[in-house]
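Me: I'd like a close look at one part of this model, please. Could you walk me through the surroundings of a single residue and then widen the view from there?

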Amino acid sequence: MMPPSTPPGGPELRDIHLPPAPSWWPLAPGWWMLGALVLVALIVAAWFWQRRYRLQRERRRLLGELEKLAERHVRDGDDVAFAASLHQLLRRVARRYDDAATTQRGESWRRTLARVPIAPRILDRLLALEQVIYRPQAEFDAHATLAAARDWLRVAANARAWKPPVAEPGHV
């Protein structure tokens with residue numbers, strides 16, 4: 001027995017129904033992973049940029065202070081005062097990485113300065129500052145010393161450039 005609404009030629013067939021187009025939300029897991037990777041990459045890039053910005057700002061500050069010392073030396077021509085100011089600036093920077101830098105003399109001061117990877121001639125030029133401070137008759141090339149201090153400060157501004165401290169001979 002057939003239902004009463006069935007047409008005489010059989011049941012009426014409808015066209016094929018396609019499913020609705022897939023929604024773009026929620027995203028497939030691969031897109032979530034890609035988004036997480038992009039977010040991590042942006043965070044790492046921002047961290048590196050900020051670190052680089054801080055380093056450049058510190059370097060500009062130190063070199064600006066050095067230039068002010070050089071300008072004052074040009075105005076007054078006092079080699080001893082210039083050498084003392086340079087020496088103070090170097091000690092202030094070194095004190096950030098070595099608390100004993102303020103009281104070191106001779107070989108221990110040399111080791112502290114040498115923790116920054118620089119050429120030995122620059123190191124020797126900076127060590128000569130002590131001679132000028134305490135013996136005003138000592139030979140002093142202000143221009144070469146200024147260049148040496150500038151080179152040392154450029155590298156020393158970067159905390160990662162400092163080598164670990166070396167134990168002093170005779171200390172355990």
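Leaving aside neighbours within four places in sequence, which residues is Arg154 in contact with?

Reply: Happy to take you through it, bearing in mind that this is a predicted model. Once neighbours within four places in sequence are set aside, Arg154 is in contact with Arg59 and Leu63. Arg154 itself sits in helix α5. Its relative accessible area is 37%, so Arg154 counts as partly exposed. Glu58 is also worth finding on your screen: 96 residues separate Glu58 from Arg154 along the chain, yet their C-alpha atoms are 9.4 Å apart.

From here we can turn to helix α1. This helix covers residues 29–76, a run of 48 residues. From first C-alpha to last, α1 reaches 71 Å, close to the 70 Å expected at 1.5 Å a residue. Leu63, which Arg154 contacts, is among the buried residues of α1. Glu58 is buried too, and so are Leu55, Leu62, Leu66, Leu69, Ala70 and His73. The buried residues of α1 pack against α5 and also against α2, which spans 79–95. Just after α1 comes Gly77, with a positive phi of about 70°.

On the α2 side, Ser85 makes a good stopping point, as a residue of that helix. With a relative accessible area of 12%, under the 20% limit, Ser85 is buried. Not counting residues up to four places away in sequence, Ser85 touches Leu69 and Arg72. Leu69 is again one of the buried residues of α1.

Now back to α5, to look at another of its partners. Two packed helices are described by the angle between their axes and the distance between the axes. Helix α4 (residues 120–134) packs with α5 (residues 142–156) at an angle of about 115°, and their axes are 9 Å apart. Angles of 65 to 115 degrees count as roughly perpendicular, and α4 and α5 are therefore described that way. The crossing of α4 past α5 is left-handed. On the α4 side, the contact is made by Ile122, Arg125, Leu126 and Leu129. The α5 side contributes Ala144, Thr145, Ala148, Ala149, Asp151 and Trp152. Sorted by character, the residues of this contact comprise 7 nonpolar, 1 polar and 2 charged.

To bring it back to your residue: Arg154 is in α5, a helix against which buried residues of α1 pack and which also packs with α4.

Technical notes:
Residues are numbered from 1 along each chain as its sequence is written. This is a predicted model: local features need pLDDT of at least 70, side-chain atom pairs count only at pLDDT 80 or more; totals for chains, interfaces and linings use all residues. Side-chain values use heavy atoms; hydrogens and water are left out. Axes are lines fitted to C-alpha atoms, for helices over the stretch in contact, and angles run from 0 to 180 degrees between N-to-C directions. Helices (H or I, at least four residues) and strands (E, at least two) are DSSP runs, numbered from the N terminus. Angles under 35 degrees count as roughly parallel, over 145 as roughly antiparallel, 65 to 115 as roughly perpendicular and the rest as oblique. A crossing is left-handed if the near helix is turned anticlockwise from the far one by less than a right angle, and right-handed if clockwise. Contact means heavy atoms within 4.5 Å. Ala, Val, Leu, Ile, Met, Phe, Trp, Tyr, Cys and Pro count as nonpolar, Asp, Glu, Lys and Arg as charged, and the others, Gly among them, as polar. The expected span of a helix is 1.5 Å times one less than its number of residues. Buried means under 20% relative accessible area, exposed over 50%, partly exposed in between (1.4 Å probe, protein chains only).
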